[in-house]
Amino acid sequence: MVAVTRATVLKAIFAGTLSTPFNSLPQKTENEYEYSKYASAASFVRNEVNTIITTKDPTLAGPILRLAFHDATVRSIAEDPFIGGSDGSVRFELEWSENRGLSKPLKVIQEIFDLQQEKFCESQNKSPLSFADTLALSGSAAVQAANGPSILIKLGRKDVDHADNRFLDKPIQSGTDRSTINTSLPSAALDSLGLRMYFKRLGLTEEELVALSGAHDLGRHVTLTGMPKYCLKNLTRTCLEDAPVMTPFISKDPDNFSNRYFETLLRWNNREVEYGEALFIPTDVAMVVDNGLRNHVTEYAHDEQLFFRCFRRAYQKLVESTATSIWRY
């Protein structure tokens, strides 16, 4: 028996051996339609990000990933963390102090978004990818471009046209001030209990929150080094955005995604790091002084592939709460 496919039916029609209306031909399934809808645009975005990071500016990997994080983690309703998430709102949140230094990566992602809008526009002159899709894809592509794991993600997010709320509608309180959650983005001052509470409400496990923190391997701080005198006298937001020098969390190979962050945290805890080798924030330290979280730090320090697998899973969970597609791209 010969299988009847769309190709064989078309061949028969054009050969004059079959008369069949086109609407009775085998049609694409819903899954096939979805894949063809997103696949080319998603590949275009990934290739653009990879080219920018690998051939033009490798220092952008960390900021692009941070931008994707900050778009995905803002959930300002304390009792319903599924309101908000990856929705493109970060475009309207650059005035928040937590988002300083993100103007440059946002400009890059906006340009990529505009390019794919022009290239893949469908009905109503719109590409199938939203800005939120483009940003979530760009974050995963930035990790891979920096020699990290490949991370496929679901798409189909809807963009909002306003900022989300910077502060929770009501604080999530626990035993200490440092574990109380007041803001939509995680405070750099949270202790280990606060970290657990913050990421648990986003659906992440302890091992996943520790894995996500490994993104600080690509992270940088704004410093006063090289600042012009007028900025030192009046440290405006513009001065911070245009800081001429950014100090990495880990000074060695700061644009390469690896498990070095965890190795350095353990060495810091053992008082083995040299001056200038690492510049951690309180949430980094909280993970290595907490016995339970330190177990995961130790596992990732000894097994980079384990870290990569857990980071992939954590990133997918973080950015997919607003996605609607069946497949990952």
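The following paragraphs lead through a predicted model, taking its largest pocket, its salt bridges, its surface patch and its backbone in turn.

The largest pocket is a suitable starting point. Its volume is about 1,400 Å³, and 49 residues make up its lining. Nearest the centre of this pocket lie R66, H70, E98, H216 and F249. Several elements contribute two or more residues to the lining: the helices α3 (61-73), α4 (103-119), α6 (192-200), α7 (206-213) and α11 (282-289), together with the strands β2 (181-183) and β3 (220-222). Among these elements, α3 gives the most, with seven residues. Sorted by class, the lining of the largest pocket comprises 24 nonpolar, 15 polar and ten charged residues.

Some of the elements that line the pocket also take part in salt bridges. Across the whole structure, a search finds twelve such pairs. One of them joins D57 to K104, with 3.2 Å between the closest N and O atoms. This pair links distant parts of the chain, since D57 belongs to the loop between α2 and α3 whereas K104 belongs to helix α4, and 47 residues separate them. The two partners differ in their surroundings. D57 counts as buried because its relative accessibility is 17%, below the 20% limit for that class. K104, by contrast, has a relative accessible area of 51% and is therefore exposed, the limit for that class being over 50%.

R196 offers a second case, for its side chain enters two salt bridges. With E206, the N to O distance is 2.6 Å. Because R196 lies in helix α6 and E206 in helix α7, this contact ties together parts of the chain that are ten residues apart in sequence. Both residues are partly exposed: R196 has a relative accessible area of 21%, and E206 one of 32%. The other partner of R196 is D290, at 2.7 Å from N to O. D290 sits in the loop between α11 and α12 (291-302), so that here helix α6 is tied to a part of the chain 94 residues away in sequence from R196. Unlike R196, which is partly exposed, D290 is buried, with a relative accessible area of 14%. Elsewhere, E207, E208, R313 and K317 are joined into one network by salt bridges that share partners.

Attention now turns to the surface and to helix α2. A nonpolar patch on the surface is formed by Y35, I326 and W327, whose accessible area together is about 320 Å². Y35 has its place in helix α2, which spans residues 30-56. With a relative accessibility of 46%, Y35 counts as partly exposed, because that value falls between the limits of 20% and 50%. E32 is found in helix α2 as well, and at 43% relative accessibility E32 is also partly exposed. E32 and W327 are 295 residues apart along the chain, yet their C-alpha atoms are separated by 10.0 Å. W327 thus appears twice in this description, as a member of the patch and as the partner of E32 in this long-range pair.

Another pair remote in sequence involves the loop between α3 and α4, where R100 lies. The C-alpha atoms of R100 and L240 are 6.9 Å apart in space, although their positions lie 140 residues apart in sequence. R100 counts as partly exposed, at 38% relative accessibility.

The backbone deserves a final remark. Most residues other than glycine have a negative phi. Where, then, does the phi of a residue other than glycine take a positive value? N147 is one of these places, with phi near 75°. N147 belongs to the loop between α5 (131-145) and β1 (167-172), and at 56% relative accessibility N147 is exposed. D253 is another such residue, with a positive phi of about 55° although it is not a glycine. D253 lies in the loop between β4 (246-248) and α10 (260-269). At 38% relative accessibility, D253 counts as partly exposed.

Methods:
Residues are numbered from 1 along each chain as its sequence is written. This is a predicted model: local features need pLDDT of at least 70, side-chain atom pairs count only at pLDDT 80 or more; totals for chains, interfaces and linings use all residues. Side-chain values use heavy atoms; hydrogens and water are left out. On a 1 Å grid over the protein atoms alone, a cavity is a set of points where a 1.4 Å probe fits but cannot get out, and a pocket is an open set with protein on both sides within 12 Å along at least five of seven lines; lining residues have an atom within 4 Å of a point. Grid points are joined across faces, edges and corners, and a volume is the space filled by probe spheres set on the points. Helices (H or I, at least four residues) and strands (E, at least two) are DSSP runs, numbered from the N terminus. Ala, Val, Leu, Ile, Met, Phe, Trp, Tyr, Cys and Pro count as nonpolar, Asp, Glu, Lys and Arg as charged, and the others, Gly among them, as polar. Patches are made of residues with over 30% relative accessible area and no salt bridge: like charges are joined within 9 Å, nonpolar side chains (Val, Leu, Ile, Met, Phe, Trp, Tyr) within 5 Å. Accessible areas come from the Shrake-Rupley method with a 1.4 Å probe; for residues, only the protein chains shown count as cover. A salt bridge is a side-chain nitrogen of Lys or Arg within 4 Å of a carboxyl oxygen of Asp or Glu. Buried means under 20% relative accessible area, exposed over 50%, partly exposed in between (1.4 Å probe, protein chains only).
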